[in-house]
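Visitor: Could you walk me through this protein, please?
Guide: Gladly; have a look at it here, and then ask away.

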Amino acid sequence: MPHPARPPRPHWWHRARVRYGALGTLLALSGLVILALVRRQTGADGFLVGLGLAVLPVPLLVGAFHWLDRVDPRPWRNLLFCFAWGACAAALIAIVANSFATRWIATATADPSGADTLGATVIAPVVEESAKAAAVLLLFLFRRRHFTGLLDGVVTAGVTATGFAFTENILYLGEAFGTDQAGGEQGVASVVAATFFVRVVMSPFAHPLFTVLTGIGFGLAALRADRPGSRRARRALLPLTGLLLAMGVHALWNGSVTFGKYGFFVVYGAFMAPAFGLLTWLVIRSRQRELRTVRTELPVYVQAGWLGPFEPFALGSVRGRRAARQYARRHGGRAAERAVAEYGTYASALAYLRRKGRLGRAGADYQARERLLLDALWERREAARPALDHAARATAPRRPYPVPPWPHPHAADWPQGHHPYVPHPAHAPYGHPAPAGYAHSAPYTTYGPYGPFPALPRPGPRP
(Lines give C-alpha, C1' and ligand atoms only; values in the text may rest on other atoms or scores of the structure.)
Protein backbone atom coordinates (compact mmCIF):
# COMPACT_ATOMS: atom_id res chain seq x y z
CA MET A 1 0.00 0.00 0.00
CA PRO A 2 1.27 3.51 -0.72
CA HIS A 3 2.62 5.49 2.17
CA PRO A 4 0.23 8.17 3.45
CA ALA A 5 1.07 11.68 2.41
CA ARG A 6 2.72 13.86 5.02
CA PRO A 7 0.53 16.61 6.39
CA PRO A 8 1.52 20.05 5.16
CA ARG A 9 3.83 21.94 7.47
CA PRO A 10 2.25 24.97 9.10
CA HIS A 11 3.31 28.42 8.04
CA TRP A 12 6.23 29.77 10.06
CA TRP A 13 4.03 32.35 11.78
CA HIS A 14 1.63 29.66 13.02
CA ARG A 15 4.37 27.90 14.98
CA ALA A 16 4.04 28.35 18.72
CA ARG A 17 7.73 29.06 19.26
CA VAL A 18 7.72 31.85 16.73
CA ARG A 19 4.68 33.58 18.21
CA TYR A 20 5.90 33.18 21.79
CA GLY A 21 9.30 34.48 20.80
CA ALA A 22 7.83 37.49 19.02
CA LEU A 23 5.59 38.31 21.97
CA GLY A 24 8.43 37.91 24.46
CA THR A 25 10.68 40.13 22.36
CA LEU A 26 7.98 42.80 22.15
CA LEU A 27 7.47 42.81 25.92
CA ALA A 28 11.22 42.86 26.59
CA LEU A 29 11.77 45.82 24.26
CA SER A 30 8.81 47.62 25.83
CA GLY A 31 10.30 47.00 29.26
CA LEU A 32 13.67 48.40 28.26
CA VAL A 33 12.12 51.50 26.72
CA ILE A 34 9.81 52.16 29.66
CA LEU A 35 12.74 51.68 32.05
CA ALA A 36 14.76 54.28 30.17
CA LEU A 37 11.85 56.75 30.03
CA VAL A 38 11.00 56.46 33.72
CA ARG A 39 14.64 56.71 34.76
CA ARG A 40 15.10 59.83 32.62
CA GLN A 41 12.09 61.53 34.21
CA THR A 42 12.87 60.57 37.81
CA GLY A 43 16.65 60.29 37.88
CA ALA A 44 18.61 57.37 39.23
CA ASP A 45 17.90 58.07 42.91
CA GLY A 46 14.24 58.83 42.27
CA PHE A 47 13.86 55.64 40.27
CA LEU A 48 15.26 53.52 43.09
CA VAL A 49 13.06 55.22 45.69
CA GLY A 50 9.99 54.86 43.50
CA LEU A 51 10.76 51.22 42.78
CA GLY A 52 11.19 50.39 46.46
CA LEU A 53 7.90 52.02 47.43
CA ALA A 54 5.86 50.96 44.42
CA VAL A 55 6.60 47.28 44.91
CA LEU A 56 4.95 47.20 48.35
CA PRO A 57 1.29 46.75 47.25
CA VAL A 58 2.11 44.33 44.42
CA PRO A 59 2.31 41.13 46.53
CA LEU A 60 -0.97 42.04 48.27
CA LEU A 61 -2.85 42.62 45.01
CA VAL A 62 -1.38 39.64 43.19
CA GLY A 63 -2.06 37.46 46.24
CA ALA A 64 -5.70 38.59 46.29
CA PHE A 65 -6.21 37.70 42.63
CA HIS A 66 -4.34 34.43 43.14
CA TRP A 67 -6.73 33.61 45.99
CA LEU A 68 -9.69 34.22 43.68
CA ASP A 69 -8.03 31.98 41.10
CA ARG A 70 -7.46 28.97 43.38
CA VAL A 71 -10.65 27.10 42.43
CA ASP A 72 -9.88 26.92 38.71
CA PRO A 73 -6.39 28.42 38.33
CA ARG A 74 -5.24 29.90 35.07
CA PRO A 75 -1.81 28.87 33.72
CA TRP A 76 0.93 30.93 35.32
CA ARG A 77 2.17 31.92 31.87
CA ASN A 78 -1.08 33.76 31.24
CA LEU A 79 -0.83 35.70 34.48
CA LEU A 80 2.85 36.48 33.86
CA PHE A 81 1.93 37.79 30.42
CA CYS A 82 -0.81 39.97 31.92
CA PHE A 83 1.50 41.51 34.51
CA ALA A 84 4.28 42.07 31.97
CA TRP A 85 1.86 43.60 29.48
CA GLY A 86 0.51 46.01 32.08
CA ALA A 87 3.92 46.98 33.46
CA CYS A 88 5.70 47.28 30.10
CA ALA A 89 3.55 47.50 26.95
CA ALA A 90 0.48 49.24 28.39
CA ALA A 91 2.59 51.67 30.44
CA LEU A 92 4.70 52.54 27.41
CA ILE A 93 1.63 53.15 25.25
CA ALA A 94 0.10 55.32 27.98
CA ILE A 95 3.21 57.46 28.56
CA VAL A 96 3.83 58.09 24.86
CA ALA A 97 0.18 58.68 23.91
CA ASN A 98 -0.64 60.86 26.92
CA SER A 99 2.46 63.01 26.46
CA PHE A 100 1.83 63.47 22.75
CA ALA A 101 -1.90 64.27 23.19
CA THR A 102 -1.33 66.72 26.07
CA ARG A 103 1.44 68.52 24.18
CA TRP A 104 -0.70 68.76 21.07
CA ILE A 105 -3.67 70.17 23.00
CA ALA A 106 -1.43 72.70 24.78
CA THR A 107 -0.01 73.86 21.44
CA ALA A 108 -3.41 74.07 19.77
CA THR A 109 -5.15 75.92 22.61
CA ALA A 110 -2.20 77.86 24.07
CA ASP A 111 -3.45 76.82 27.53
CA PRO A 112 -1.00 74.42 29.22
CA SER A 113 -2.97 74.13 32.47
CA GLY A 114 -6.20 73.38 30.63
CA ALA A 115 -4.37 70.84 28.48
CA ASP A 116 -3.10 69.06 31.59
CA THR A 117 -6.61 68.91 33.07
CA LEU A 118 -8.11 67.66 29.81
CA GLY A 119 -5.34 65.12 29.40
CA ALA A 120 -5.84 63.73 32.92
CA THR A 121 -9.64 63.55 32.79
CA VAL A 122 -10.28 62.57 29.16
CA ILE A 123 -7.17 61.43 27.32
CA ALA A 124 -5.54 59.34 30.05
CA PRO A 125 -8.64 57.20 30.91
CA VAL A 126 -9.27 56.39 27.24
CA VAL A 127 -5.64 55.57 26.42
CA GLU A 128 -4.78 53.68 29.61
CA GLU A 129 -7.91 51.56 29.80
CA SER A 130 -7.65 50.68 26.11
CA ALA A 131 -4.01 49.67 26.53
CA LYS A 132 -4.79 47.48 29.53
CA ALA A 133 -7.85 45.96 27.85
CA ALA A 134 -5.65 44.77 24.98
CA ALA A 135 -4.13 42.07 27.22
CA VAL A 136 -7.58 40.79 28.19
CA LEU A 137 -8.63 40.80 24.54
CA LEU A 138 -5.56 38.81 23.46
CA LEU A 139 -6.19 36.11 26.04
CA PHE A 140 -9.90 36.08 25.20
CA LEU A 141 -9.10 35.48 21.52
CA PHE A 142 -6.07 33.19 21.66
CA ARG A 143 -6.49 31.41 25.02
CA ARG A 144 -10.22 30.88 24.84
CA ARG A 145 -10.17 27.53 26.63
CA HIS A 146 -8.81 29.30 29.74
CA PHE A 147 -11.41 32.08 29.52
CA THR A 148 -14.75 30.58 30.46
CA GLY A 149 -16.38 32.76 33.11
CA LEU A 150 -16.57 35.89 35.17
CA LEU A 151 -13.60 35.17 37.42
CA ASP A 152 -11.36 34.60 34.39
CA GLY A 153 -12.00 38.16 33.27
CA VAL A 154 -11.61 39.56 36.78
CA VAL A 155 -8.27 37.84 37.43
CA THR A 156 -6.85 38.60 33.99
CA ALA A 157 -7.82 42.28 34.11
CA GLY A 158 -6.79 42.70 37.74
CA VAL A 159 -3.29 41.30 37.26
CA THR A 160 -2.81 43.45 34.14
CA ALA A 161 -3.87 46.57 36.03
CA THR A 162 -1.58 45.66 38.93
CA GLY A 163 1.41 45.64 36.57
CA PHE A 164 0.35 48.97 35.08
CA ALA A 165 -0.11 50.58 38.51
CA PHE A 166 3.32 49.29 39.55
CA THR A 167 5.08 51.16 36.73
CA GLU A 168 2.93 54.27 37.16
CA ASN A 169 3.67 54.38 40.89
CA ILE A 170 7.40 54.22 40.20
CA LEU A 171 7.04 57.27 37.95
CA TYR A 172 4.91 59.34 40.35
CA LEU A 173 6.89 58.45 43.48
CA GLY A 174 10.20 59.05 41.70
CA GLU A 175 9.05 62.47 40.49
CA ALA A 176 7.83 63.29 44.01
CA PHE A 177 11.27 62.41 45.37
CA GLY A 178 12.87 64.79 42.87
CA THR A 179 10.49 67.54 43.96
CA ASP A 180 11.41 66.97 47.60
CA GLN A 181 15.11 67.09 46.76
CA ALA A 182 14.69 70.38 44.96
CA GLY A 183 12.57 71.96 47.73
CA GLY A 184 14.31 70.44 50.74
CA GLU A 185 11.15 68.75 52.08
CA GLN A 186 11.45 65.72 54.37
CA GLY A 187 9.36 63.54 56.63
CA VAL A 188 5.57 63.47 56.78
CA ALA A 189 5.24 66.86 55.06
CA SER A 190 7.14 65.68 51.97
CA VAL A 191 5.57 65.13 48.57
CA VAL A 192 6.77 61.50 48.63
CA ALA A 193 4.84 60.84 51.84
CA ALA A 194 1.66 62.42 50.46
CA THR A 195 1.95 60.56 47.14
CA PHE A 196 2.64 57.28 48.90
CA PHE A 197 -0.36 57.74 51.20
CA VAL A 198 -2.78 58.53 48.36
CA ARG A 199 -1.59 55.99 45.77
CA VAL A 200 -0.30 53.08 47.87
CA VAL A 201 -2.18 53.27 51.18
CA MET A 202 -5.59 54.71 50.24
CA SER A 203 -6.08 53.55 46.65
CA PRO A 204 -3.86 50.65 45.64
CA PHE A 205 -7.01 49.06 44.20
CA ALA A 206 -7.84 52.00 41.89
CA HIS A 207 -6.38 50.71 38.62
CA PRO A 208 -7.48 47.11 39.25
CA LEU A 209 -10.98 48.39 40.01
CA PHE A 210 -11.15 50.25 36.68
CA THR A 211 -9.86 47.43 34.54
CA VAL A 212 -11.87 44.74 36.34
CA LEU A 213 -14.99 46.34 34.84
CA THR A 214 -13.57 45.55 31.41
CA GLY A 215 -12.72 42.02 32.56
CA ILE A 216 -16.28 41.50 33.79
CA GLY A 217 -17.52 42.44 30.32
CA PHE A 218 -15.27 39.83 28.72
CA GLY A 219 -16.28 37.25 31.34
CA LEU A 220 -19.97 37.79 30.66
CA ALA A 221 -19.29 37.51 26.93
CA ALA A 222 -17.55 34.18 27.56
CA LEU A 223 -20.55 32.93 29.52
CA ARG A 224 -23.00 33.97 26.82
CA ALA A 225 -20.86 32.34 24.13
CA ASP A 226 -21.76 28.94 25.59
CA ARG A 227 -25.49 29.57 25.29
CA PRO A 228 -27.22 28.30 22.17
CA GLY A 229 -28.64 31.05 20.00
CA SER A 230 -26.45 33.76 21.49
CA ARG A 231 -25.74 36.47 18.93
CA ARG A 232 -22.18 37.55 18.32
CA ALA A 233 -23.10 41.25 18.07
CA ARG A 234 -24.69 41.21 21.52
CA ARG A 235 -21.69 39.41 22.97
CA ALA A 236 -19.36 42.02 21.48
CA LEU A 237 -21.29 44.77 23.23
CA LEU A 238 -20.53 43.36 26.68
CA PRO A 239 -16.73 43.93 26.62
CA LEU A 240 -17.28 47.31 24.98
CA THR A 241 -19.72 48.30 27.72
CA GLY A 242 -17.27 47.19 30.38
CA LEU A 243 -14.49 49.21 28.72
CA LEU A 244 -16.65 52.34 28.57
CA LEU A 245 -17.55 51.94 32.26
CA ALA A 246 -13.87 51.56 33.12
CA MET A 247 -13.06 54.74 31.21
CA GLY A 248 -15.88 56.62 32.92
CA VAL A 249 -14.89 55.56 36.45
CA HIS A 250 -11.24 56.33 35.67
CA ALA A 251 -12.20 59.80 34.40
CA LEU A 252 -14.25 60.45 37.55
CA TRP A 253 -11.32 59.43 39.73
CA ASN A 254 -8.79 61.59 37.86
CA GLY A 255 -11.16 64.53 37.75
CA SER A 256 -11.92 64.43 41.47
CA VAL A 257 -9.10 66.93 42.16
CA THR A 258 -10.97 69.52 40.07
CA PHE A 259 -14.14 69.29 42.17
CA GLY A 260 -12.84 71.55 44.91
CA LYS A 261 -10.75 71.22 48.03
CA TYR A 262 -12.49 68.09 49.26
CA GLY A 263 -13.49 66.67 45.89
CA PHE A 264 -11.03 63.80 46.12
CA PHE A 265 -12.31 62.65 49.51
CA VAL A 266 -15.94 63.00 48.42
CA VAL A 267 -15.39 60.84 45.34
CA TYR A 268 -13.34 58.36 47.36
CA GLY A 269 -15.91 57.97 50.14
CA ALA A 270 -19.10 58.25 48.12
CA PHE A 271 -18.12 56.23 45.06
CA MET A 272 -14.74 54.48 45.02
CA ALA A 273 -14.96 52.69 48.37
CA PRO A 274 -18.57 51.48 47.84
CA ALA A 275 -17.74 50.38 44.27
CA PHE A 276 -14.73 48.46 45.55
CA GLY A 277 -16.86 46.76 48.22
CA LEU A 278 -19.57 45.88 45.71
CA LEU A 279 -17.11 44.35 43.23
CA THR A 280 -15.38 42.45 46.03
CA TRP A 281 -18.71 40.96 47.07
CA LEU A 282 -19.50 40.09 43.45
CA VAL A 283 -16.26 38.23 42.77
CA ILE A 284 -16.37 36.37 46.09
CA ARG A 285 -19.93 35.31 45.34
CA SER A 286 -18.80 34.12 41.89
CA ARG A 287 -16.04 32.14 43.55
CA GLN A 288 -18.52 30.51 45.91
CA ARG A 289 -20.70 29.65 42.92
CA GLU A 290 -17.75 27.88 41.29
CA LEU A 291 -17.15 25.88 44.47
CA ARG A 292 -20.83 24.98 44.60
CA THR A 293 -20.63 23.76 41.01
CA VAL A 294 -17.78 21.45 42.01
CA ARG A 295 -19.76 20.06 44.95
CA THR A 296 -22.92 19.44 42.96
CA GLU A 297 -21.53 18.15 39.65
CA LEU A 298 -18.76 15.80 40.77
CA PRO A 299 -20.79 13.27 42.85
CA VAL A 300 -21.94 11.51 39.68
CA TYR A 301 -18.32 10.51 39.07
CA VAL A 302 -18.25 9.04 42.56
CA GLN A 303 -20.90 6.56 41.45
CA ALA A 304 -18.67 5.38 38.61
CA GLY A 305 -15.61 5.11 40.83
CA TRP A 306 -13.58 7.84 39.23
CA LEU A 307 -13.59 9.84 42.47
CA GLY A 308 -13.59 8.86 46.10
CA PRO A 309 -16.83 9.34 48.08
CA PHE A 310 -15.67 12.43 49.96
CA GLU A 311 -13.70 14.10 47.19
CA PRO A 312 -16.53 16.37 45.93
CA PHE A 313 -16.90 17.87 49.39
CA ALA A 314 -13.15 18.36 49.90
CA LEU A 315 -12.67 19.77 46.40
CA GLY A 316 -15.67 22.08 46.79
CA SER A 317 -14.23 23.75 49.86
CA VAL A 318 -11.35 26.22 50.06
CA ARG A 319 -10.48 24.90 53.49
CA GLY A 320 -10.58 21.32 52.22
CA ARG A 321 -8.26 22.03 49.29
CA ARG A 322 -5.80 23.82 51.53
CA ALA A 323 -5.82 20.94 54.03
CA ALA A 324 -5.24 18.44 51.22
CA ARG A 325 -2.24 20.36 49.87
CA GLN A 326 -0.75 20.72 53.33
CA TYR A 327 -1.17 17.01 54.02
CA ALA A 328 0.39 16.08 50.69
CA ARG A 329 3.37 18.35 51.23
CA ARG A 330 3.91 17.09 54.77
CA HIS A 331 3.85 13.42 53.76
CA GLY A 332 5.00 13.44 50.13
CA GLY A 333 6.93 16.64 49.54
CA ARG A 334 6.45 19.31 46.91
CA ALA A 335 5.80 16.81 44.13
CA ALA A 336 2.81 15.38 45.99
CA GLU A 337 1.54 18.87 46.78
CA ARG A 338 1.78 19.79 43.10
CA ALA A 339 -0.08 16.60 42.13
CA VAL A 340 -2.90 17.43 44.58
CA ALA A 341 -3.14 20.99 43.24
CA GLU A 342 -3.30 19.69 39.66
CA TYR A 343 -5.90 17.14 40.71
CA GLY A 344 -8.09 19.92 42.03
CA THR A 345 -7.63 21.93 38.84
CA TYR A 346 -8.66 19.03 36.60
CA ALA A 347 -11.57 18.15 38.88
CA SER A 348 -12.86 21.73 38.68
CA ALA A 349 -12.57 21.69 34.90
CA LEU A 350 -14.44 18.38 34.84
CA ALA A 351 -17.25 19.82 36.98
CA TYR A 352 -17.62 22.87 34.70
CA LEU A 353 -17.58 20.65 31.62
CA ARG A 354 -20.30 18.40 33.03
CA ARG A 355 -22.43 21.40 33.90
CA LYS A 356 -22.12 22.67 30.33
CA GLY A 357 -23.03 19.23 29.03
CA ARG A 358 -26.05 19.01 31.28
CA LEU A 359 -27.22 22.39 30.03
CA GLY A 360 -26.56 21.49 26.41
CA ARG A 361 -23.59 23.86 25.95
CA ALA A 362 -20.63 21.48 25.91
CA GLY A 363 -20.16 21.10 22.17
CA ALA A 364 -19.43 18.08 19.98
CA ASP A 365 -16.06 17.35 21.62
CA TYR A 366 -17.58 16.81 25.07
CA GLN A 367 -16.69 13.10 25.30
CA ALA A 368 -13.09 13.61 24.20
CA ARG A 369 -12.57 16.43 26.68
CA GLU A 370 -14.20 14.46 29.49
CA ARG A 371 -11.99 11.50 28.72
CA LEU A 372 -8.81 13.59 28.86
CA LEU A 373 -9.80 15.10 32.19
CA LEU A 374 -10.67 11.72 33.69
CA ASP A 375 -7.33 10.35 32.51
CA ALA A 376 -5.53 13.26 34.15
CA LEU A 377 -7.35 12.60 37.43
CA TRP A 378 -6.61 8.90 37.29
CA GLU A 379 -2.88 9.51 36.83
CA ARG A 380 -2.74 11.63 40.01
CA ARG A 381 -5.04 9.56 42.22
CA GLU A 382 -2.24 7.90 44.24
CA ALA A 383 -1.07 11.20 45.71
CA ALA A 384 -4.42 12.97 45.76
CA ARG A 385 -6.80 10.47 47.36
CA PRO A 386 -5.09 10.10 50.75
CA ALA A 387 -4.74 13.87 50.98
CA LEU A 388 -8.36 14.49 50.04
CA ASP A 389 -9.54 11.79 52.45
CA HIS A 390 -7.64 13.58 55.21
CA ALA A 391 -9.12 16.90 54.12
CA ALA A 392 -12.62 15.43 54.22
CA ARG A 393 -12.03 14.15 57.75
CA ALA A 394 -10.82 17.59 58.83
CA THR A 395 -13.48 19.73 57.14
CA ALA A 396 -16.61 17.62 56.59
CA PRO A 397 -19.66 18.08 58.81
CA ARG A 398 -20.61 15.37 61.27
CA ARG A 399 -23.15 13.87 58.90
CA PRO A 400 -21.65 11.95 55.95
CA TYR A 401 -21.47 13.77 52.64
CA PRO A 402 -24.41 12.48 50.55
CA VAL A 403 -23.82 10.51 47.36
CA PRO A 404 -26.63 10.91 44.78
CA PRO A 405 -28.73 7.84 44.02
CA TRP A 406 -28.38 5.72 40.92
CA PRO A 407 -29.27 6.67 38.21
CA HIS A 408 -28.83 10.42 38.15
CA PRO A 409 -32.03 12.37 37.34
CA HIS A 410 -30.32 14.21 34.47
CA ALA A 411 -29.16 11.03 32.73
CA ALA A 412 -31.76 11.44 29.94
CA ASP A 413 -30.37 14.88 29.06
CA TRP A 414 -27.04 13.52 27.83
CA PRO A 415 -26.51 12.98 24.09
CA GLN A 416 -27.00 9.41 22.92
CA GLY A 417 -28.06 8.41 26.42
CA HIS A 418 -24.50 8.91 27.66
CA HIS A 419 -23.69 10.18 31.11
CA PRO A 420 -20.40 9.99 33.02
CA TYR A 421 -21.14 7.11 35.37
CA VAL A 422 -22.36 4.73 32.65
CA PRO A 423 -19.33 4.50 30.33
CA HIS A 424 -20.06 5.12 26.70
CA PRO A 425 -18.65 2.59 24.16
CA ALA A 426 -16.14 5.26 23.17
CA HIS A 427 -14.77 5.01 26.71
CA ALA A 428 -13.97 1.32 26.39
CA PRO A 429 -10.25 1.79 27.19
CA TYR A 430 -11.22 2.88 30.68
CA GLY A 431 -12.45 -0.55 31.66
CA HIS A 432 -15.72 -2.25 32.53
CA PRO A 433 -19.15 -0.67 32.33
CA ALA A 434 -21.29 -0.72 35.41
CA PRO A 435 -23.26 -3.96 35.72
CA ALA A 436 -26.97 -3.94 34.99
CA GLY A 437 -29.08 -2.97 37.97
CA TYR A 438 -25.99 -1.88 39.85
CA ALA A 439 -26.57 -0.30 43.24
CA HIS A 440 -24.31 0.39 46.20
CA SER A 441 -24.23 -2.35 48.78
CA ALA A 442 -22.79 0.15 51.26
CA PRO A 443 -22.85 3.97 51.23
CA TYR A 444 -19.09 4.32 50.78
CA THR A 445 -18.24 1.54 48.32
CA THR A 446 -17.75 2.48 44.68
CA TYR A 447 -17.17 0.60 41.47
CA GLY A 448 -14.30 1.96 39.44
CA PRO A 449 -13.36 1.65 35.79
CA TYR A 450 -10.66 -0.88 36.68
CA GLY A 451 -12.62 -2.76 39.30
CA PRO A 452 -14.15 -2.14 42.70
CA PHE A 453 -12.45 0.28 45.07
CA PRO A 454 -12.08 -0.56 48.75
CA ALA A 455 -14.54 1.10 51.07
CA LEU A 456 -13.36 4.39 52.54
CA PRO A 457 -13.96 5.16 56.21
CA ARG A 458 -16.53 7.65 57.29
CA PRO A 459 -15.29 11.16 58.04
CA GLY A 460 -14.50 11.74 61.67
CA PRO A 461 -16.09 14.41 63.83
CA ARG A 462 -15.19 18.03 63.23
CA PRO A 463 -12.09 18.89 65.29
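**A guided tour**

Guide: To start us off, 47% of the 463 residues of the protein count as buried. Please keep in mind that this is a predicted model.

Visitor: Thanks! How many helices and strands are there in the protein?
Guide: Let's begin with one example, helix α12, which covers residues 318–358. Counting every such element, the protein has two strands and 14 helices.

Visitor: Which element of the protein has the highest mean pLDDT?
Guide: For the protein as a whole, the mean pLDDT is 78, with 81% of residues at 70 or more. At the low end of the elements is strand β1 (residues 447–448), whose mean is 32. At the other end, with a mean of 91, is α5.

Visitor: Over which residues is the pLDDT below 50?
Guide: Please read one part of the model with care. In the model this stretch makes 134 contacts beyond near neighbours in sequence, yet its pLDDT is below 50. The stretch is residues 400–463.

Visitor: What share of the contacts with a separation of 6 or more joins residues 24 or more positions apart?
Guide: One pair shows what sequence distance can look like in space: tyrosine 352 and threonine 148 are 204 residues apart along the chain, with C-alpha atoms separated by 9.3 Å. For the contacts of the protein with a separation of 6 or more, the share at 24 or more positions is 76%.

Visitor: Which residues touch the most other members of the largest nonpolar core?
Guide: This core has 58 residues, and helix α5 (residues 150–183) gives the largest share, eleven of them. Apart from it lies another core of 33 residues, including Tyr366 and Leu377. Back in the largest core, the members touching the most others are Trp253 and Met272.

Visitor: Which residues is tryptophan 253 in contact with, leaving aside neighbours within four places in sequence?
Guide: Tryptophan 253 belongs to the largest nonpolar core. Its contacts outside that sequence window are Ser203, Ala206, Phe210, Phe264, Val267, Tyr268 and Met272.

Visitor: Is alanine 176 buried or exposed?
Guide: Alanine 176 lies in helix α5 and touches Val191, Val192 and Thr195, setting aside residues up to four places away in sequence. Because its relative accessibility is 4%, and the cut-off is under 20%, alanine 176 counts as buried.

Visitor: Which residues are the closest to the centre of the second largest pocket?
Guide: This pocket has a volume of about 990 Å³. Its lining takes ten residues from α5, the largest share, and at least two from each of several other helices, including α1 (16–54) and α8 (232–254). Among the 43 lining residues, the closest to the centre are Glu128, Glu168, Tyr172, Arg199 and Asn254.

Visitor: How many charged residues does the lining of the second largest pocket have?
Guide: Let's sort the lining by class. Nonpolar residues number 22 and polar ones 16. The charged residues number five.

Visitor: Which residues line the second largest cavity?
Guide: There are two cavities of 30 Å³ or more, and the second largest has a volume of about 40 Å³. By class, its lining has two nonpolar, three polar and two charged residues. By name, the lining residues are Arg74, Asn78, Leu139, Arg143, His146, Phe147 and Thr156.

Visitor: Is arginine 380 buried or exposed?
Guide: Arginine 380 sits in the loop between α13 (366–379) and α14 (381–395). Beyond four places in sequence, arginine 380 touches Ala339, Glu342, Tyr343 and Tyr346. Its relative accessibility is 17%, so with a cut-off of under 20%, arginine 380 counts as buried.

Visitor: Why does alanine 335 count as partly exposed?
Guide: Alanine 335 is found in helix α12, and its C-alpha is 9.0 Å from that of alanine 383. Partly exposed is the class between under 20% and over 50%. Alanine 335 falls in that class because its relative accessible area is 47%.

Visitor: And which residues does tyrosine 352 touch, not counting those up to four places away in sequence?
Guide: Tyrosine 352 is also a residue of helix α12. With a relative accessible area of 15%, tyrosine 352 is buried. The residues it touches are Val71, Asp72, Glu290, Thr293 and Val294.

How values were computed:
Residues numbered from 1 in each chain as written. Predicted model: local features only at pLDDT ≥ 70, side-chain atom pairs only at ≥ 80, totals over all residues. Heavy atoms only, no water. Core = buried A, V, L, I, M, F, W, Y, C linked by side-chain atoms within 4.5 Å. Buried < 20%, exposed > 50% of the residue type's maximum accessible area, 1.4 Å probe, protein only. Helix = DSSP H or I, 4+ residues; strand = E, 2+ residues; numbered from the N terminus. Contact = heavy atoms within 4.5 Å. 1 Å grid on protein atoms, 1.4 Å probe; cavity = no way out; pocket = protein on both sides within 12 Å on 5 of 7 lines; lining within 4 Å. Points joined across faces, edges and corners; volume = space filled by probe spheres on them. Nonpolar A, V, L, I, M, F, W, Y, C, P; charged D, E, K, R; others polar. pLDDT = per-residue confidence, 0-100.
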